[in-house]
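Please take me on a guided tour of this structure. I have it open in a viewer and would like to know what to select next and what is there.

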Amino acid sequence: MDVVIRNANLPDGQLGVDVAIEHGRIVAVGSQLPLQAAQEIDAGGDLLTAPFVDAHFHMDATLSYGLPRVNASGTLLEGIALWGELKPHLTQQALIDRALQYCDWAVARGLLAIRSHVDICDDRLLAVEALLEVKRLVAPYLDVQLVAFPQDGVLRAPNALINLKRAIAMGVDVVGGIPHFERTMAEGAESVRILCEYAADQGLMVDMHCDESDDPMSRHIETLAYQSNRLGLHGRVTGSHLTSMHSMDNYYVSKLLPLMREAGVAAVANPLINITLQGRHDTYPKRRGMTRVPELLAAGIPVAFGHDCAMDPWYSLGSGDMLEVAHMGLHVAQMTGQDAMRECFRAVTSTPAAILGLQGYGVAPGCHADLVLLDAADPVEAIRLRAARRMVMRRGQIIAESPCAHARLALPGRPGQVNFRLGR
Ligand code: FE2
């Protein structure tokens, strides 16, 4: 064996197991494996998980905070205006540099797979070229999946459909869309039809920004489910944001959820962004704006949590920490039950891995030895502490390490340090 990790807890509840690794793959998982290895790592009863996965991000805008100015109001509308001001000044090298820096942060956070939307409305396709280069550069340590995203509307923006097809021909992986941003409801529905037919024809996955609105009548998710079903795209289609579902009539949702389930459509909520950008036209009470996560899950629909933005025109915070995303999602969706809290951990690990179609993902024999050792005993403690990533491993090689969290105390008659872990 190349590596054996001893005495690890796994996200599925297995305690104190050993994980053996050879040639970049997991070859055995079990208690007290009688094996010799070149390298032994003592997990000390901490949580060992497959890497974090972000199902929804915008890597072309990330870390552009302050360019050309900051979003003073912190609103969606000023963010959109800012992105418009920034676009003419973007250079390919600056895009690459910022995205690579974000990928460094991601690796340090144990985030080793990201589905990123890339705006294709600029005829130069500068961002597409830049992110394809980033995808190539980071491939040894991080999986990037790109979505051709017509930010200004595939029907509303001139050349957007042509540009989207050019981007796919250049190597972008997934067909995007933004039906609620088209000029009318009818054009939104038409955009869903056109894009789904194109994806079906090309054998591609679909991931649309869908109903990112507080308008309860924004019902493009219904059309997305209908087209997925009609075209046989089951398991290949994702609706991102779906925030209007928060405001929809309960009776309508009771019809919608089974339609989504029948069509095999997955959902991505973006808790950090949805809670800050939605409900801005409300006085009080103010709506939360995140989609109905527990109800989608109860209907058998996979739900992942995405980071969406980090230090860009729309969001001034964020650092690639999917545990921060899970923490916010848990609170906003009131997913405080024991199973629900563990589901929030799955929403940033195994669920998005399945949505992206990642191969060899997991902590089981045959999977890639892509692993993260957390300074926490279980998924709930990991979320509570946004636990330090003691070790991040890719294909059996350690690519990042962080110290465990602790603070030194100088108090009479009290311990000399605390680490915020119960019973340790
Ligand atoms: Fe987004």
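The tour has three stops: a metal site, a loop residue and a sheet.

Before you start clicking, keep in mind that this is a predicted model.

**Stop 1: the iron ion**

Select the iron ion and show the side chains around it. Which protein residues act as its donors? They are His56, His58 and His209, each through NE2, together with Asp308 through OD. These donors lie 2.2 to 2.5 Å from the iron ion. Along the chain, they follow the spacing H-x1-H-x150-H-x98-D.

Now colour by secondary structure and pick out His56 and His209. His56 sits in strand β6 (residues 52-57), while His209 belongs to strand β10 (residues 205-210). The two are 153 residues apart, so this pair links distant parts of the chain.

Turn on angle labels at the metal if your viewer has them. The four donor atoms subtend angles of 84 to 171° around the iron ion, and the arrangement is irregular because of these angles.

Are these two histidines buried or exposed? His56 is buried, with a relative accessible area of 0%. His209 is also counted as buried, at 3% relative accessibility.

**Stop 2: Asp370**

Next, select Asp370. You will find this residue in the loop between α13 (350-356) and β14 (371-374). Although Asp370 is in a loop, it counts as buried because its relative accessibility is 8%, under the 20% cut-off.

Show the side chain of Arg395 as well: a polar contact of 2.4 Å joins it to the side chain of Asp370. To see the wider surroundings, add Thr49, Ala50, Pro51, Met393 and Arg394 to the selection. Along with Arg395, these residues are in contact with Asp370, leaving aside its neighbours within four places in sequence.

**Stop 3: a four-stranded sheet**

Finally, switch to a cartoon view and look for the open sheet of four strands. Reading across it, the order is β3-β2-β1-β4, and the pairing is mixed. At the edges are β3 (25-30) and β4 (39-42), each of which pairs on one side only. Neighbouring strands of this sheet are turned by 20° against each other on average, direction ignored.

Zoom in on β2 (residues 17-22) and β3. These strands run antiparallel and are joined by five bridges. Glu22 has Arg25 in β3 as its bridge partner. In the hairpin of β2 and β3, two residues lie between the strands. Which residue there takes a positive phi? Select His23, where phi is near 50°.

Terms used. Residues are numbered from 1 along each chain as its sequence is written. This is a predicted model: local features need pLDDT of at least 70, side-chain atom pairs count only at pLDDT 80 or more; totals for chains, interfaces and linings use all residues. Side-chain values use heavy atoms; hydrogens and water are left out. Donors are N, O and S atoms within 2.8 Å of the metal (3.2 Å for Na, K and Ca); water is not among the atoms, so sites may look incomplete. Four donors count as tetrahedral if all angles lie between 85 and 135 degrees; four count as square planar and six as octahedral if opposite donors are over 155 degrees apart and all others between 65 and 115; anything else is irregular. Buried means under 20% relative accessible area, exposed over 50%, partly exposed in between (1.4 Å probe, protein chains only). A polar contact is a pair of N or O atoms within 3.5 Å; within protein, one must be able to donate a hydrogen and the other to accept it, and residues adjacent in sequence count only if both atoms are side-chain atoms. Contact means heavy atoms within 4.5 Å. Two strands pair if DSSP finds at least two bridges between them. Axes are lines fitted to C-alpha atoms, for helices over the stretch in contact, and angles run from 0 to 180 degrees between N-to-C directions.
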